[in-house]
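Student: I have a model open and want to test the labels people put on it. Can we go through them one by one?

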Amino acid sequence: MLIFRQLFDPQSSTYTYLLGDTRRKQAVLIDPVFEQARRDEALLRELELTLVASLETHVHADHVTGAWLLKQDTGSAIMLSADSGAEGADRYLKHGDRVQFGERWLEVRATPGHTRGCITYVLDDESMAFTGDCLLIRGSGRTDFQQGDAREMYRSVRSQILSLPASCLIYPAHDYRGLTVTSVGEERKFNPRLGGEIGEGDFVGYMNSLGLPHPKLIDIAVPANLRCGRPANDAPPASEPTWAPLDFTFAGIYEIKPEALEEIAGGVQIVDVRANEEFAGPLGHIASATLMPLPELATRSAELSREKPIVAVCRSGARSAQAVVLLQKAGFKDVANLAGGMLRWRAEGHRVAGGRD
Ligand SMILES: N[C@@H](CCC(=O)N[C@@H](CS)C(=O)NCC(=O)O)C(=O)O
Ligand SMILES: [Fe+2]
């Protein structure tokens with residue numbers, strides 16, 4: 001089965017797309033964002049997919065790609081256009097190439113115009129196309145920097161994208177109004193720059209008078225993306241927590257497994273956020289845990305030390321996840337949730353104080 005997810009980076013309004021084959025458990029990410037790599041890795045883990053490659057639609061000017069970082073963490077390949085001018089990729093793609101993930105594949109179509117190395121990825125059955133910053137929803141990418149060329153863009157869109165079946169869904173790299181998807185049929189009719197009877201000259205005139213300010217991050221993003229997102233000094237990215245082996249979840253918090261907590265229990269503050277009667281009830285509690293019921297946590301968090309990491313605990317891991325968010329908002333830096341709560345703690349045979357079998 002095909003698995004498809006549209007992910008968003010609010011900082012740059014970038015869409016990242018995950019495409020996976022659940023039978024072979026392989027996936028690709030199109031246009032991952034550096035700051036969202038942890039999120040993307042968590043999703044891949046939770047969906048039990050192996051990332052085979054990060055695919056760039058082009059050298060971005062407004063955010064740094066997550067491709068290099070994902071490669072460090074998962075061993076995934078980096079792929080982008082042979083015309084991109086970028087170094088450090090594992091495969092340089094050409095028009096007509098195929099990128100395989102499991103039993104599915106994407107066809108590479110060269111669609112220059114926004115940059116020289118812009119690519120559109122078309123799914124094997126032509127049901128979806130990922131157009132990068134070439135064709136946007138009722139718009140198009142700009143053509144005024146990075147070897148942009150309005151004439152080339154017009155030809156790319158008309159010959160490579162609007163020529164796909166009308167039902168083919170189009171997923172762009174950005175939308176600045178929050179729109180998420182369009183189709184070839186719609187854009188043929190309603191794209192105000194490239195649809196209907198609009199000719200090449202009309203489009204060039206339109207694009208030459210856009211007068212947009214340059215992206216805020218262009219001077220950082222372009223050089224970094226020409227290295228496929230490898231930091232200039234090769235420094236590992238900022239602070240992954242080191243106080244315990246933690247899993248970052250797609251829900252956006254860190255979790256610790258029972259066995260890992262057992263090992264470091266003496267060095268952390270364990271905060272049990274259940275009600276008094278649950279703490280004293282049949283499930284028992286972790287011996288060194290402090291009881292601080294969730295409704296009291298906001299007012300009582302001052303009782304906790306800021307020097308020692310905190311692990312929040314509840315029955316199943318749900319209320320304690322909320323406690324983690326609350327404590328982070330209160331400025332505590334090293335906070336994690338006990339995965340699966342007391343239920344899993346006990347199911348995996350860890351000792352409790354109080355409680356009954
Ligand atoms: N305000 C944005 C500008 C982003 C921008 O210029 N995006 C390019 C794609 S890299 C584009 O083609 N935009 C089309 C448009 O804004 O109409 C930023 O600073 O990042
Ligand atoms: Fe772009």
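Student: How are the donor residues of the iron ion (ligand 2) spaced in sequence?

Tutor: The spacing is H-x55-H-x18-D. This is a predicted model, where local features need pLDDT of at least 70, side-chain atom pairs count only at pLDDT 80 or more, and totals for chains, interfaces and linings use all residues. Residues are numbered from 1 along each chain as written, and side-chain values use heavy atoms, without hydrogens and water.

Student: What makes H58, H114 and D133 donor residues of the iron ion (ligand 2)?

Tutor: Donors are N, O and S atoms within 2.8 Å of the metal (3.2 Å for Na, K and Ca). H58 (NE2), H114 (NE2) and D133 (OD) coordinate the iron ion (ligand 2) at 2.0 to 2.3 Å, so they qualify. Water is not among the atoms, so the site may look incomplete.

Student: Why is the arrangement around the iron ion (ligand 2) called irregular?

Tutor: Four tetrahedral donors need all angles between 85 and 135 degrees; four square planar and six octahedral donors need opposite donors over 155 degrees apart and all others between 65 and 115; anything else is irregular. Here the four donor atoms subtend angles of 88 to 165°, which makes the arrangement irregular.

Student: Are H114 and D133 buried or exposed?

Tutor: Both H114 and D133 are buried (under 20% relative accessible area; exposed is over 50%, partly exposed in between; 1.4 Å probe, protein chains only).

Student: What makes R142 a polar contact of ligand 1?

Tutor: A polar contact is a pair of N or O atoms within 3.5 Å. A polar side-chain atom of R142 lies 2.7 Å from an oxygen atom of ligand 1, so the pair counts. For Y176, a side-chain N or O atom is 2.9 Å from a nitrogen atom of ligand 1.

How values were computed
Chains lettered and ligands numbered in written order. Polar contact = N/O pair within 3.5 Å; in protein donor to acceptor, adjacent residues only side chain to side chain.
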